[in-house]
Structures are given as C-alpha cells and as structure tokens.
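This report describes the architecture, the enclosed spaces and a selection of individual residues of one protein chain. The sequence and the structure are shown first.

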Amino acid sequence: MRTFIVSGMLAGVLAASASNAHAADIRLGLNTSAALGCQVLGVRAGVQSDRIGVYGQASYCNAQGATGASFGGGVSYDVTSFNNLTAYLQAGLDTLPSGSLAVNAGAGLRYSTPLLPVEGYIEGGVQLIRSALGTVPGPRLALGVNYRLTAENLQGTLVPDPKPNTDSVQYAGNAPEECKLTQEQDVAAARATALNAARSGLSDASGAYSAVYSNISYSVSAGGVSISGNTAKVAGSVKLSAVQRSNGQPVGGTFGGTINLVRSGCGWRATGYTQG
C-alpha cells in the first residue's frame, strides 16, 4: 500500500511554501498555439506573484516562408478563482522568423491539481501581426501544461513544522485587514483547505489506480497547524485500505504528512505535500 501512496499521488511532489509579497509561483511548461503567428511547439517559463504573472517563451514556427524560431513574452492577471480553476486575462508579444511582430491579447483558464505541481491551461483571443504589408488580424488559441513550484519566501522566513497528530497551533499570521479574520478562523480555514486538498488528491489517485486496486477507501484527519505570515503547514494523517486485483490480498495502512499552504485572498491554497 505504501507503493500505492507514494507512486500514485505523492511521488515527485515538490513541497514548498510562499510568503507575503515576496513569494512566487514558478512555472515551466510546454505549449502550442494555433494562430497566424505559426507557433507549433514552444517552451514557456514564468513567475507569478499574487494575481500578476510574467512569462517568456521560445517556439518553433512552421509556415511557408517563415520557418524557424519565435521568441516572445507576456503578462497575465488572475481575475477570479473557483476551486482549482482560475480565469485570467493575458497579453503578449512575439517576434516571428520573418521579422514581423505579433501582438496578442485574450483570456485564459488554468486548472491546477490540488497537491501535484501540474496545471493545464487554454488561452483564446486575437492576434495582430505587423508586417511590411500592414497589420493582419486573426484569432489565437493556445494550449499548454506547466510544472509549477512555489518558491520559498525570498527573505528567507521559514514556517516551522507543526507537531503531527495533535491539535497544536503555532500562529504568527498576517491575514489582510479587510478579511477581519480572528486567529481561530484563520486556523480553521487552513485546516479545512488542507483536508479538502487531501481528499481531492486522494480521489484523483484512487481513479488513476483503480485498475490495480479495488475497494479503495480512505479517511483523512488534520492535526497541528503552523502559520507564519501568509504561509501555513497543516499536519495530518491518511488511513487507506484497498484490495490488490492481482491476488485479492487486502492492503492498507496509516500514513502521516504535512500539507503546505499559501494565502489566497482571505483563504488558503494548497501548494504541495511532504510525506512523513
């Protein structure tokens, strides 16, 4: 059962926390774009702090008379989030192999898995190419997938590890004044976010491993909470049981770990998991 947990949901998870305005999500990804700009396949790297993100990208273009590399960048602004889905506005600029410039703008949707540092996105909008013959308008559609990790506070502040399997609280929170949160409400919100993220992640893992295990069941409990500024850690445990389809043997166990959170508005967002 330990193999089921580690390889099914938690292996490769890079757990990190972000804090205050000095925290940032770093994104490394692949994308493709259907537009007049001819981008076929590209790589993108970016940084996001709070709602604002910036990125640079390099793409391979394959169009008649314009085959080669394209370079560009852009900015994005998160408008709203619901569960793991975020809607954002986007604008960018690309240089094309022909020497022309392509300006684009539009909106996008980004889906982030709760505990794994992977997200997919789709962007749609318009693109204008400025060439020697004038400005050529057209539609733009981009698809991509990112590997996301949350950088530690650049000032070096670390969140202490909470005590496992207890209700201990270490609090030095910094909730926005407009949220009007008491310490108890802030701690309760962190616990609730951690529990929801764990259940969602386990649900995804159960579906992925249903071909190997049957009768998968689990329960999640949260324990100690440690909050420092705009980052938090919530200790907890997962009790799992299942049956191996290959031999009919029951497997299971109880496993502890810590879910890392970063403040999102007046609430919290899970950024990763550390086992043990």
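In this report, helices (H or I, at least four residues) and strands (E, at least two) are DSSP runs, numbered from the N terminus. By that convention G68 belongs to strand 4, which covers residues 68–82. The model is a predicted one.

**Overall architecture**

The chain contains two helices and 13 strands. Of its 276 residues, 42% are buried. Among the contacts with a separation of 6 or more, 55% are made by residues 24 or more positions apart.

**Residue G68**

G68, in strand 4, has a relative accessible area of 19% and is therefore buried, the cut-off being under 20%. Apart from residues within four places in sequence, G68 is in contact with S59, Y60, C61 and P97. The C-alpha atom of G68 is also separated by 8.6 Å from that of S98, although the two residues are 30 residues apart along the chain.

**Cavities**

The model holds five cavities of 30 Å³ or more. The largest cavity encloses about 180 Å³ of space. It is lined by 15 residues, of which R27, R44, Y55, S76 and N146 are the closest to its centre. Two or more lining residues come from each of strand 2 (39–49), strand 3 (52–61) and strand 7 (118–131). Strand 2 gives the most to this lining, with four residues. In character, the lining of the largest cavity divides into five nonpolar, five polar and five charged residues.

The second largest cavity has a volume of about 130 Å³. Its lining consists of 20 residues, and the closest to the centre are A198, V220, G236, S237 and I259. At least two lining residues are supplied by each of helix 2 (183–208), strand 10 (213–229), strand 11 (231–244) and strand 12 (250–264). The lining of the second largest cavity comprises 14 nonpolar and six polar residues, with no charged residue.

**The largest nonpolar core**

In soluble globular proteins, nonpolar side chains tend to be buried together. In this model, the largest nonpolar core has 20 residues, and A190, I227, I259 and L261 have the most contacts inside it. Helix 2, strand 10, strand 11, strand 12 and strand 13 (267–275) each provide at least two residues of this core. The most is given by helix 2, with seven residues. I259 appears in two settings: I259 is among the residues closest to the centre of the second largest cavity, and I259 is also among those with the most contacts inside the core.

L261 offers a view of the surroundings of one core residue. Leaving aside neighbours within four places in sequence, L261 is in contact with A190, T193 and A194, with N230, T231, A232 and V234, and with W268, R269, A270 and T271.

**N31 and L41**

N31 is placed in strand 1 (residues 25–35) and L41 in strand 2. Is N31 buried or exposed? With a relative accessible area of 7%, N31 is buried. The side chain of N31 makes a polar contact of 3.0 Å with the side chain of Q57, and another polar contact, of 3.3 Å, with the side chain of Y121. Not counting residues up to four places away in sequence, N31 touches V40, L41, G42, V43, R44, Q57, Y121, L143 and G144.

L41, one of the residues that N31 touches, counts as exposed at 51% relative accessibility. Beyond residues up to four places away in sequence, L41 touches N31, A58, S59 and Y60. L41 and G144 are 103 residues apart in sequence, yet their C-alpha atoms are 9.6 Å apart in space.

**Positive phi values**

Most residues other than glycine have a negative phi. The table lists two residues with a positive value.

| Residue | Phi | Location | Relative accessible area |
|---|---|---|---|
| K180 | near 55° | loop between strand 9 (169–173) and helix 2 | 69% |
| N215 | near 50° | strand 10 | 62% |

K180 is exposed, and N215 is exposed as well. K180 is found in a loop, whereas N215 is found in a strand.

Note on methods
Residues numbered from 1 in each chain as written. Predicted model: local features only at pLDDT ≥ 70, side-chain atom pairs only at ≥ 80, totals over all residues. Heavy atoms only, no water. 1 Å grid on protein atoms, 1.4 Å probe; cavity = no way out; pocket = protein on both sides within 12 Å on 5 of 7 lines; lining within 4 Å. Points joined across faces, edges and corners; volume = space filled by probe spheres on them. Nonpolar A, V, L, I, M, F, W, Y, C, P; charged D, E, K, R; others polar. Core = buried A, V, L, I, M, F, W, Y, C linked by side-chain atoms within 4.5 Å. Buried < 20%, exposed > 50% of the residue type's maximum accessible area, 1.4 Å probe, protein only. Contact = heavy atoms within 4.5 Å. Polar contact = N/O pair within 3.5 Å; in protein donor to acceptor, adjacent residues only side chain to side chain.
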